[in-house]
Amino acid sequence: MAWLAGQLVATLAIASLLVFWVLRVLPGDAATVALGMNATPEALATWRAEHGTDRPLIVQYGEWMAGLFRGDFGRSFLTGNDLTPLVLDRVQVTLILVGLSLALALAIAIPLGTLAAIKHRSLWGVVITGGSQLGVAIPNFLVGVLLVSFVSVRLDWLPAGGWVPPAVSLTEFLRHVTLPVIALGTVQAAIITRYVRSAVLEVMREDFLRTARAGGLTYGQALMRHGLRNAGVPIITVIGVQISAMLIGAVVVERVFVVHGLGSLLVDSAQNRDLQAVQSIVLLLVALVVVINFIVDLLYTLLDPRLRLAGSVV
């Protein structure tokens with residue numbers, strides 16, 4: 001546990017340095033973007049002094065990190081407004097979208113992947129495998145565009161975009177969130193289905209499952225009692241990777257459905273060269289991915305006691 005926590009902290013520290021350095025070596029000047037091409041040298045110098053961009057890079061990095069430790073994301077270079085409430089509001093939107101999409105993906109992938117493994121020699125297995133292969137080939141944004149075109153424009157069943165917080169109206173929240181969740185979740189469901197099928201098939205070939213079958217259990221009963229736990233480790237690995245992919249995919253889905261989440265804020269900030277906003281949002285996304293991987297590592301030890309024993313020996 002201590003080793004994993006130390007690895008988490010070290011990864012975040014290295015990621016913060018890389019994010020800060022990469023954004024500083026990009027061409028362009030934040031002062032010129034904020035004040036315009038016709039700004040005088042005196043005005044540019046005053047802006048840089050006010051925002052601290054004329055200070056040594058190590059000082060800028062230290063001030064940025066000190067602010068993050070206090071929960072302060074700084075002020076926008078473009079508007080001068082405090083970024084903290086804006087980022088926290090947007091990250092809630094993105095996490096809700098990703099969380100619901102993940103729930104939909106797992107609700108589809110786990111039963112279908114298991115069924116595809118059990119019925120891998122039947123028509124059902126072939127249909128599920130082929131359908132998942134087709135789903136993998138379709139990008140999120142295309143699914144989103146098709147949903148908007150058919151469900152919203154042609155059938156007028158659900159709104160084409162926008163976001164209503166659940167605290168304001170649960171009904172309107174569900175109406176607005178349904179299509180983005182389907183667009184983001186179904187593609188991930190296709191990917192996870194294939195890995196679930198492969199993991200369950202691998203377990204079905206193990207000796208302990210044949211022993212359980214010899215004891216009178218059906219494939220389904222043997223899998224439920226003995227197989228799924230052993231198949232869980234590779235499945236959890238894939239789910240962790242796909243959650244990270246969903247955080248990135250949410251950027252595109254939010255643009256398609258005009259959802260004002262963290263992805264939309266990142267794109268807008270990058271277009272306006274608001275470095276303070278971009279570096280804080282990127283590091284927050286990196287931190288979410290690293291924490292997800294940390295949780296996945298912890299789940300390994302819960303699913304496979306052998307990993308706990310190996311860790312205690314070390």
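Start with the contacts across the whole chain: of those between residues at least 6 apart in sequence, 70% join residues at least 24 apart. Keep in mind during the tour that this is a predicted model.

Next, colour by secondary structure. The protein shows 13 helices and 0 strands. Stepping along the sequence, you pass from one α element to another, in the pattern α-α-α-α-α-α-α-α-α-α-α-α-α.

Now colour by burial. Of the 314 residues in the protein, 40% are buried. Then switch on the surface. The accessible surface of the protein is about 16,900 Å², and carbon and sulfur atoms account for 68% of that area.

With the surface on, go to the largest pocket, which holds about 450 Å³ of space. To centre the view there, select His-51, Glu-63, Gly-74, Arg-75 and Gln-276; among the 20 lining residues, these are the closest to the centre of the pocket.

Which helices each supply at least two residues of the lining of the largest pocket? Select helix H1 (2–25), helix H3 (41–51), helix H4 (57–69) and helix H12 (275–303) to see them. Give H4 its own colour: with 4 residues, H4 gives the most to the lining of the largest pocket.

Last, colour the lining of the largest pocket by residue class. The lining has 8 charged residues, 8 polar residues and 4 nonpolar residues.

Terms used. Residues are numbered from 1 along each chain as its sequence is written. This is a predicted model: local features need pLDDT of at least 70, side-chain atom pairs count only at pLDDT 80 or more; totals for chains, interfaces and linings use all residues. Side-chain values use heavy atoms; hydrogens and water are left out. Buried means under 20% relative accessible area, exposed over 50%, partly exposed in between (1.4 Å probe, protein chains only). Contact means heavy atoms within 4.5 Å. Accessible areas come from the Shrake-Rupley method with a 1.4 Å probe; for residues, only the protein chains shown count as cover. On a 1 Å grid over the protein atoms alone, a cavity is a set of points where a 1.4 Å probe fits but cannot get out, and a pocket is an open set with protein on both sides within 12 Å along at least five of seven lines; lining residues have an atom within 4 Å of a point. Grid points are joined across faces, edges and corners, and a volume is the space filled by probe spheres set on the points. Ala, Val, Leu, Ile, Met, Phe, Trp, Tyr, Cys and Pro count as nonpolar, Asp, Glu, Lys and Arg as charged, and the others, Gly among them, as polar.
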